[in-house]
Amino acid sequence: MAGVTVEKREGEIPLSRLMDFYDREKYWGFCRACPRYGALWSCPPYEEGALPDLEQFSKIRLFCHVLHFSPELRREVASPEKAGAFMESCAAQYGKAAHEEMLRLEQSHPGSLGLTHGGCRLCAHCARPEGKPCRFPEKMRLSLESLGFSVVDLAREVLCLPIFFSQEGLPPYQVLLCGLFLS
């Protein structure tokens with residue numbers, strides 16, 4: 001994508017430290033304001049028993065794709081509407097590759113569980129609003145934020161990467177944070 005350069009960062013922390021970034025009620029409150037809330041199988045609210053038992057894991061490896069936006073691109077995508085649409089297209093394009101990477105990592109680390117960023121993008125239209133089951137339950141993954149973790153704090157404290165939000169246009173970069181729970 002023109003005007004976008006990708007930087008990858010990784011970090012690993014024990015599950016006990018990860019729990020310092022957990023506040024399900026707070027982050028599900030943010031989820032409630034999102035149009036994906038209840039509209040994707042990867043987003044809350046969840047049915048009883050749908051969430052993974054995290055106590056089976058000892059640590060999480062964080063994988064971050066930092067999408068840096070050039071000054072020219074930031075000038076071009078200056079309105080909030082254009083910025084929102086552009087960032088969503090970036091999340092879809094780069095997120096699909098990150099999702100596939102998480103599935104590959106799961107295969108190479110038996111007993112692990114991958115997490116993608118944001119909501120699932122496997123299908124053009126999720127079956128959940130129609131009351132139908134997930135079409136790809138073996139591939140669909142949850143995200144850190146949908147489990148109740150602060151990706152802003154994780155990125156800042158574990159990866160030394162502050163996340164910027166912009167009301168005007170594109171921020172300097174966009175952060176796509178994925179994870180792999182390991183035993």
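**Exercise 1.** In this predicted model, determine in which sense β2 and β4 pair and over how many bridges.

*Solution.* Strands β2 and β4 pair in the antiparallel sense, over 10 bridges. One residue pair fixes the register: V66 stands opposite V175 in β4.

**Exercise 2.** Identify the residue of β4 that is the bridge partner of G114.

*Solution.* Begin with the strand: β3 comprises residues 113-115 and pairs with β4 in the antiparallel sense over three bridges. Within β4, the partner of G114 is L180.

**Exercise 3.** Establish how many residues of β4 are buried, and which residues point each way from the strand.

*Solution.* Take burial as under 20% relative accessible area. By this criterion, 10 of the 10 residues of β4 are buried. Next, separate the directions: Y173, V175, L177, G179 and F181 point one way, whereas Q174, L176, C178, L180 and L182 point the other way. This division follows a general rule, because side chains in a regular strand alternate between the two faces of the sheet.

**Exercise 4.** Find which members of the largest nonpolar core touch the most other members, and which element gives the most residues to this core.

*Solution.* The core holds 30 residues, of which L144, L154, L177 and F181 touch the most other members. Elements giving two or more residues include α5 (144-147), α6 (151-159) and β4 (173-182). The greatest share, five residues, comes from α6. For L154, the contacts beyond four places in sequence are I13, L18, F21, L62, L144, F149, L159 and L177. Apart from this core lies another, of 12 residues, among them L73, F86, Y94 and L176.

How values were computed:
Residues numbered from 1 in each chain as written. Predicted model: local features only at pLDDT ≥ 70, side-chain atom pairs only at ≥ 80, totals over all residues. Heavy atoms only, no water. Core = buried A, V, L, I, M, F, W, Y, C linked by side-chain atoms within 4.5 Å. Buried < 20%, exposed > 50% of the residue type's maximum accessible area, 1.4 Å probe, protein only. Helix = DSSP H or I, 4+ residues; strand = E, 2+ residues; numbered from the N terminus. Contact = heavy atoms within 4.5 Å. Pairing = 2+ DSSP bridges.
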